[in-house]
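Thanks for making the time this morning. I would like to walk through one model with you, beginning with its strands and ending with a pocket.

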Amino acid sequence: MHSPRKKKKIVLIGPVYPYKGGISHYTGMMYRELAGRHEVDMITYKMQYPRLLFRREQKDYKNDSFRVEKARYLLHTANPFNIIRTARQIRRQKPDMVIIQWWHPYFAPCYRLLEQFMGRQNLVFVCHNVFPHERFPLDRMLTRMVLKRGRHFIVHAREEGRELESILAAPDYRVTPHPTYNMFLFEHLGREAARERLQIAPGTKLLLFFGFVREYKGLRHLLRAMPLIAARLGGVRLMVVGDFDSDKESYVKLIGELGIGELVQLVDGYIPDREVEKYFAACDLTVLPYESATQSGIVQIAFGFTKPVIVTDVGGLPEVVEDGRTGYVVEPRNPEALADAVCRFYEEERQAEFEEQIRREAYRFSWERMGEVVDGFFTD
């Protein structure tokens, strides 16, 4: 149940539909939860990234599942006059709290100007990453420049909390798991119906790697594990679903060298929101062989479909996946460890047990819990 306390005025800042990606989905769902508790003004971008810096298409108007009807497209992140004007609008509202999504120092000049002109606020940063995955020389300085004005912080892994502590003196933060992306359950497809759509044979042991393919996500280690898995199990298949950007050929070459072309299916490209369900509904197990990470929305998408997960022991991933209960946690950069975990999952017939445990964990990964964390930051 929601808190009975008096409704507050919140300004929520971040990407929402039609912007693509997990943080846009996250912000849209955070808005829905908070709007059920308080009066929320959703401010998003009229321009997020300049095309010079971000050449892929940033918007997807076809996928309106996470649309926020009352969102205001105000903020141009590279126009100081626009930023100052938006900041003054926020200041005139006299909100009880301002919440900003933080994930990359690109936004530092914009948010620093916003902070300066909206005056002192009960400012909360949701830190998806304190520092970016691809580090650069000024990232630490830019991050501190913005986050030092925050009064409270939400992080999704203890490692992120430690990174905050490395740049701020005694930051007030809460570590709470990344909420579940159960909003992708559009059709409630069963496993067999989903496999029929994907033309996957009913008895196939199906693994899923999902999301943008980046070097740090360790797909190469999973590919190297596939011959070991196939030799021990048989009847196994891996679906790699996501945008390869510009590096697809090196993965195709590795698949050829390993002789696993018949075991691996590549689905290259951005997956529309309503297409996500069939891949997770069809699979038995989602695998995240990351070399480094803070946390991952992919784990939460999997849990939203009650699918067990194999992750590596990096960043905050072991904090959300309970080894031997909701999946397995293995050593990073180790194809043999990945192969052994996959094989044990099938050989020991752990699927039903793991899925039941994921259901029991539902509240820990709920948006209701996130709403309660936010409520705890109000100063009466």
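**Strands, crossovers and a pocket**

Let me begin with strand S1, residues 9–13, where four of the five residues are buried, so that the strand is largely enclosed by the rest of the structure. Please keep in mind throughout that this is a predicted model.

S1 has a parallel partner in strand S2, residues 39–47, to which five bridges join it, and within that pairing Lys 9 stands opposite Glu 39. To get from S1 to S2 the chain passes through helix H1, and this β-α-β crossover is right-handed. S1 also pairs with strand S4, residues 97–102, again in the parallel sense and over four bridges, with Leu 12 standing opposite Ile 99 of S4.

Further along the chain we come to strand S6, residues 152–155, and here I would ask which residues cover its two faces. In a regular strand the side chains alternate between the two faces of the sheet. In S6, His 152 and Ile 154 lie on one side and Phe 153 and Val 155 on the other, and all of them are buried, so that both faces are covered, where buried means under 20% relative accessible area.

As for the neighbours of S6, strand S5, residues 123–127, runs parallel to it and is joined to it by four bridges, and Val 126 has Ile 154 as its bridge partner in S6. The chain goes from S5 through helix H4, residues 139–147, to S6, in a β-α-β crossover that is right-handed. Strand S7, residues 173–175, is likewise parallel to S6, with three bridges between them, and Val 155 stands opposite Val 175 of S7. From S6 the chain crosses through helix H5, residues 158–167, to S7, and that β-α-β crossover is right-handed too.

Let me turn, finally, to the second largest pocket, which holds about 260 Å³ of space. It is lined by 16 residues, of which Thr 180, Asn 182, Ala 362, Phe 365 and Ser 366 are the closest to its centre. The elements giving two or more residues to this lining are helix H1 (22–35), helix H10 (297–304) and helix H13 (351–360).

Which element gives the most to the lining of this pocket? That is H1, with three residues, the helix through which the chain crosses from S1 to S2. By class, the lining comprises seven nonpolar, five polar and four charged residues.

Technical notes: Residues numbered from 1 in each chain as written. Predicted model: local features only at pLDDT ≥ 70, side-chain atom pairs only at ≥ 80, totals over all residues. Heavy atoms only, no water. Buried < 20%, exposed > 50% of the residue type's maximum accessible area, 1.4 Å probe, protein only. Pairing = 2+ DSSP bridges. Right-handed = clockwise from strand over helix to strand, strands pointing away. 1 Å grid on protein atoms, 1.4 Å probe; cavity = no way out; pocket = protein on both sides within 12 Å on 5 of 7 lines; lining within 4 Å. Points joined across faces, edges and corners; volume = space filled by probe spheres on them. Nonpolar A, V, L, I, M, F, W, Y, C, P; charged D, E, K, R; others polar.
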